[in-house]
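User: I would like to learn how to read a structure such as this one. Where should a beginner start?

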2 protein chains.
Amino acid sequence: MAKPVSGFSKCTKDQKIEWLASNYFADANQGSAVLKQYWNDNQKLQKLHDEFIENAVTNYYLPFGIAPNFLINDILYALPMAIEESSVIAAASNSAKFWLDKGGFKTHVKGTIKSGQVHFNFNGPSDLLRTFFDSVKALLLEGTQAITTSMERRGGGIISLELVDLSAELSDYYQINVRFETKDAMGANFINSCLELIATNLDRQAANYEKFISNNYSLSIVLSILSNYVPECVATATVSCPISLLATESISGLEFANKFVRAIDIANASVQRAVTHNKGVMNGIDAVVLATGNDFRAIEAGVHSYAAKSGKYKSITHAKIEDGIFSFWIEVPLALGTVGGLTNLHPLVKLNLEILKNPSAPQLMQLVATAGLAQNFAAIKSLITTGIQKGHMKMHLKNILNQLEATQEEKVAAIEHFSIVAVTHAAAKNFINSYRNR
Amino acid sequence: MAKPVSGFSKCTKDQKIEWLASNYFADANQGSAVLKQYWNDNQKLQKLHDEFIENAVTNYYLPFGIAPNFLINDILYALPMAIEESSVIAAASNSAKFWLDKGGFKTHVKGTIKSGQVHFNFNGPSDLLRTFFDSVKALLLEGTQAITTSMERRGGGIISLELVDLSAELSDYYQINVRFETKDAMGANFINSCLELIATNLDRQAANYEKFISNNYSLSIVLSILSNYVPECVATATVSCPISLLATESISGLEFANKFVRAIDIANASVQRAVTHNKGVMNGIDAVVLATGNDFRAIEAGVHSYAAKSGKYKSITHAKIEDGIFSFWIEVPLALGTVGGLTNLHPLVKLNLEILKNPSAPQLMQLVATAGLAQNFAAIKSLITTGIQKGHMKMHLKNILNQLEATQEEKVAAIEHFSIVAVTHAAAKNFINSYRNR
């Protein structure tokens, strides 16, 4: 039975692994060897990676690949993608190829504004609070200058600072809502530092405000933090072509286009479908988000809450047929950065930004939106024509064969066999066993 | 200017890198060296990782660490976490330590049922469709037996299969809604294979149904796929203690508890806050999801849509004070697997499941829910007391110092200096430059 450990964070990496081995591994040597086989030989590089987080013991390998042939606003890109799920890069590449000779992807940015809030309680009348706020607003802004000056030099800073009365939602609850432009930085540190300064000043000013004191009204800060809800930080990507160009071996262009638009209508009508539909979009988005050192939890939270903003959870992609032209587009909130964070620290992230032609944050937003749209196009195309299992089962078989340590010859034989027989783990195991004993 | 490439997927890994180098790297040799420095020396291991996805060129290192001291249902766990964000593992570890002597985390599973849908159009009267459905339902179920037999042996299978009329939402739109128990498998392949069989049979039966033919009614399948909306696949985790035990250096236990509950109330009142609140929960959840080879996009989609299920996007954690006892809990949909997918293939995933005592899928759901709750506890604790920037700026400074390739001596001097001065990139650079030239 394991015992609690003290001072674990101060142990060396080897000590941490020893502790794990003696408490949690079935075979101490084997478990330690698994961790250590993932260390990089270059000690300096490994140390760099170890220092990104606390209690690091090794590197988790996320498969990393390239989806080429993305024509985006007439420039040809190859998208770097970090993703453990098979079929995602194949799907992205297929979409890119499909749209390559049809004008490619057209993208733009609808906005780049982020926000943060000082959340506080006030137990007096809201009009008095507003009078107080108006009297201290300039002071609150001034108080952030130590931090905002360098951001302003880069063209960013605080866009607006407003009092929001939410006391109808929750008694005594108010916000200072602050909107920011953070240029190429994701801006979390900048935004949070500004907010904490504003909160401190707000608290101090309120404590000295004569009409609060004399009436025993109190203003108390609960917490201050940026918001990952970013409906003003949105990129779009669009593909379009005459419907005749959508024809496949099995269906006409018109039938394809109608079925495609219907698939989107269904995602808007059914939450069961919408969630999976958007999940597929995120396969493409997150893979590029990860590869460029951005925070996929922030992006996920922003996208799904945006999908739910009408009160009904819906698709974040849209399609229509107009005058014989099929159009398919995405409109998606993406608070991304291309400076700060991991972007300058992780050597592979740095290289990936180079592959993407060292984009500004708004440019990266458009590339990531494209990855999401491409992924969704491939998924819907497959779902409304052949179904998704054909491709998945092929990958599934490949994984099972690896697990069974099949030789190249065995793999070829198995792939032929299962081209007409349903793939299950048991069937694959049986096949390989009898092949080996033939 | 780059040119489109054909047959990229069939190139060798070296050829792919050469193509990237000649089209996208500023310095071909240096870029290739960055990719190759992340290859594993063990060629067999590297080949295994390369085959997880298409067009793999290297491994993306995600930092991997351990958060110890999680007492969950009276058993002591260490949680493996793959996460690029600093502070997450430190926060998880702090929460674990905090609750260790207060009874730890109590968890349970509310359900493990997943669903999938056959989405189709029908242009006739819905009561006739229902009559048809009732007449073919047994046949549809029977048609899945080739796949369901082995799942049934493990205690899983199809739980229910029902017709859902959504024609009021979208004209002519109906679903066959199928509910599944997939035991320790995430079950995507199983569910999708079942659904595609059901769809094929439904299509065939409808084409031969006399009353559809004679009236020219047509039933047409649009698509069939599992749903990542899983409100029946839910785990809970709870911590609780007398409020007196919550006192910190700066505030009393009662004040802490009240402020904590208020922070949750605010997350339920403000979408700006709720999204960030849940994002923080997902920092903990995704780190364990990734480490155990599960699909974080599926989990993210399930959680955020669940947070929005009332029509208003809300917190997925909850808190209350009752009879002097503070309770804090999470109720979260988590469709996870501990067999299939990467779980048996990725050596580090396999080891991580061993660290977690080789859990069943329901057990893993509880461990992951705990990681989310712990993360949220640490975040709120920090937000309502010191604010989050203090810790973040310390990590921020560490990262800047690494980027500036500061020596150990320079780091010590810088940390001391910035304990009283605000951290910015420029200030840190200036400090190191003047330290070097002193």
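**Reading a helix and a pair of chains**

Analyst: Start with one helix of this predicted model. The buried residues of α4(A) are A:Val88, A:Ile89, A:Ala91, A:Ala92, A:Ser93, A:Ser95, A:Ala96, A:Phe98, A:Trp99 and A:Leu100. That is 10 of its 13 residues, so α4(A) is mostly covered, with buried meaning under 20% relative accessible area.

User: What covers the buried residues of α4(A)?

Analyst: In chain A the covering elements include the strands β1 (56–72), β2 (75–82), β8 (234–242) and β10 (325–333), along with the helices α10 (271–291) and α13 (361–384).

User: How many Å should helix α4 of chain A span?

Analyst: Helix α4 of chain A runs over residues 88–100, and at 1.5 Å a residue its 13 residues should span 18 Å. Its end C-alpha atoms are 18 Å apart, which agrees.

User: Which domains does the assignment give for chain A?

Analyst: Domain 1 is 8–50, domain 2 is 67–108 + 232–387, domain 3 is 111–226 and domain 4 is 392–436. Taken over C-alpha atoms, the centres of domain 2 and domain 4 of chain A are separated by 33 Å.

User: What rotation superposes chain B on chain A?

Analyst: Two copies of a chain are related by a rotation about an axis and a shift along it. Here the rotation is 180 degrees with 0.0 Å of shift along its axis, and the RMSD is 0.0 Å. That is the relation of a two-fold axis. In chain B, B:Gly311 has the C-alpha nearest the axis, 2.2 Å from it.

User: Why do the copies meet through the same surface?

Analyst: Because 100% of the interface residues of chain B are also interface residues in chain A.

Notes. Residues numbered from 1 in each chain as written. Chains lettered and ligands numbered in written order. Predicted model: local features only at pLDDT ≥ 70, side-chain atom pairs only at ≥ 80, totals over all residues. Heavy atoms only, no water. Least-squares fit on C-alpha atoms with pLDDT ≥ 70 in both. Contact = heavy atoms within 4.5 Å. Helix = DSSP H or I, 4+ residues; strand = E, 2+ residues; numbered from the N terminus. Expected span 1.5 Å × (residues − 1). Buried < 20%, exposed > 50% of the residue type's maximum accessible area, 1.4 Å probe, protein only. Domains from an automatic or database assignment.
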